[in-house]
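The following paragraphs lead through one structure, element by element. Please keep the sequence and the coordinates at hand while reading.

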Amino acid sequence: DAIEGVLRWQQETFGDRRNVRGCLAHMIQEAEECLEAFENGTRDDLEKEFADVIFMALQGLDLIGSDAATALTKKLRIVGDRTYLPPDAQGVMRHSK
C-alpha cells in the first residue's frame, strides 16, 4: 500500500532518524513550498507539494509509534463534534473552543 511504501522509502533513504522536532520543521518547510506552489505553480507542482506534506505527517506519526489510520480515525471522532466559525480573511475556519 502507498503508506507502507512511503514509510519504507523514508527508512531506506534517511535511516532510523528518531527526531520528531526535525520532522516537524521539515513539514513546515514543505507546507511553505505547498503555499508557494499554490500561489505561483501549476496544479502538478501543488499536488507534489501536498504529497510532501503528507510524507512528513506519515513520518511524524511513525516516529511517535502511531499509524495514519488510527490517528485519522481518532481525530475524525473529535472534529465531528466541533462547531466551526466562519472563515477569516485568509479563508481559515477555526473551531470554537
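A suitable place to begin is G15, the residue that follows α1 and has a positive phi, near 80°. The helix itself, α1, covers residues 2-14, 13 in number, and reaches 18 Å from its first C-alpha to its last, close to the 18 Å expected at 1.5 Å a residue, where the expected span is 1.5 Å times one less than the number of residues. Helices here are DSSP runs of H or I with at least four residues, strands are runs of E with at least two, and both are numbered from the N terminus.

Some notes on provenance belong here. The model is predicted, and local features need pLDDT of at least 70, side-chain atom pairs count only at pLDDT 80 or more, and totals for chains, interfaces and linings use all residues. Residues are numbered from 1 along each chain as its sequence is written, and side-chain values use heavy atoms, with hydrogens and water left out.

Taken as a whole, the protein has four helices and zero strands, and its elements run α-α-α-α from the N terminus on. Along the principal axes, the C-alpha atoms fill a box of roughly 45 × 35 × 25 Å. Of the 97 residues in the protein, 14% are buried, a class that means under 20% relative accessible area, with exposed meaning over 50% and partly exposed in between, for a 1.4 Å probe and protein chains only. Among the contacts with a separation of 6 or more, 45% come from residues 24 or more positions apart; contact means heavy atoms within 4.5 Å.

How, then, does α1 pack against helix α3? The angle between α1 and α3 (residues 43-63) is about 80°, and their axes are 10 Å apart; the axes are lines fitted to C-alpha atoms, for helices over the stretch in contact, and the angles run from 0 to 180 degrees between N-to-C directions. That makes α1 roughly perpendicular to α3, given that 65 to 115 degrees counts as roughly perpendicular, under 35 as roughly parallel, over 145 as roughly antiparallel and the rest as oblique. On the α1 side the contact is made by I3, V6, L7, W9 and Q10, and on the α3 side by F55, M56, L58, Q59 and D62. By class, this contact has seven nonpolar, two polar and one charged residues, with Ala, Val, Leu, Ile, Met, Phe, Trp, Tyr, Cys and Pro counted as nonpolar, Asp, Glu, Lys and Arg as charged, and the others, Gly among them, as polar.

Within α1, L7 is partly exposed, with a relative accessible area of 24%, and, leaving aside neighbours within four places in sequence, L7 is in contact with L58, Q59 and D62. L7 and F55 are 48 residues apart in sequence, while their C-alpha atoms are 8.1 Å apart in space.

The aromatic rings give a further view of this region. Rings of Phe, Tyr and Trp (its six-membered ring) pair if their centres lie within 6.5 Å, with planes under 30 degrees apart counted as stacked, over 60 as edge-to-face and the rest as tilted, and by this rule the count comes to two aromatic pairs. W9 and F14 form an edge-to-face pair, at 5.4 Å centre to centre and with 85° between the planes. The rings of W9 and F55 have their centres 5.9 Å apart and their planes at 55°, so this pair is tilted. Because W9 lies in helix α1 and F55 in helix α3, the pair ties together parts that are 46 residues apart in sequence. Ring pairs thus link W9, F14 and F55 into a cluster, and relative accessibility places W9 at 39%, F14 at 35% and F55 at 27%.

Turning to α3 itself, its 21 residues reach 30 Å from first C-alpha to last, close to the 30 Å expected at 1.5 Å a residue. Its buried residues are L46, E49, M56, L58, Q59, G60 and L63, and what covers them includes α1, α2 and α4 (68-79). After α3 comes G65, whose phi is positive, near 80°.

The remaining detail concerns α2 (residues 20-40), which holds E30. E30 counts as buried at 9% relative accessibility, and, neighbours within four places in sequence aside, E30 is in contact with E49, D52, V53 and M56. V53, found in helix α3, is in contact with M27, E30, A31 and C34 when neighbours within four places in sequence are left aside. V53 and C34 are 19 residues apart in sequence and 7.9 Å apart in space, C-alpha to C-alpha.
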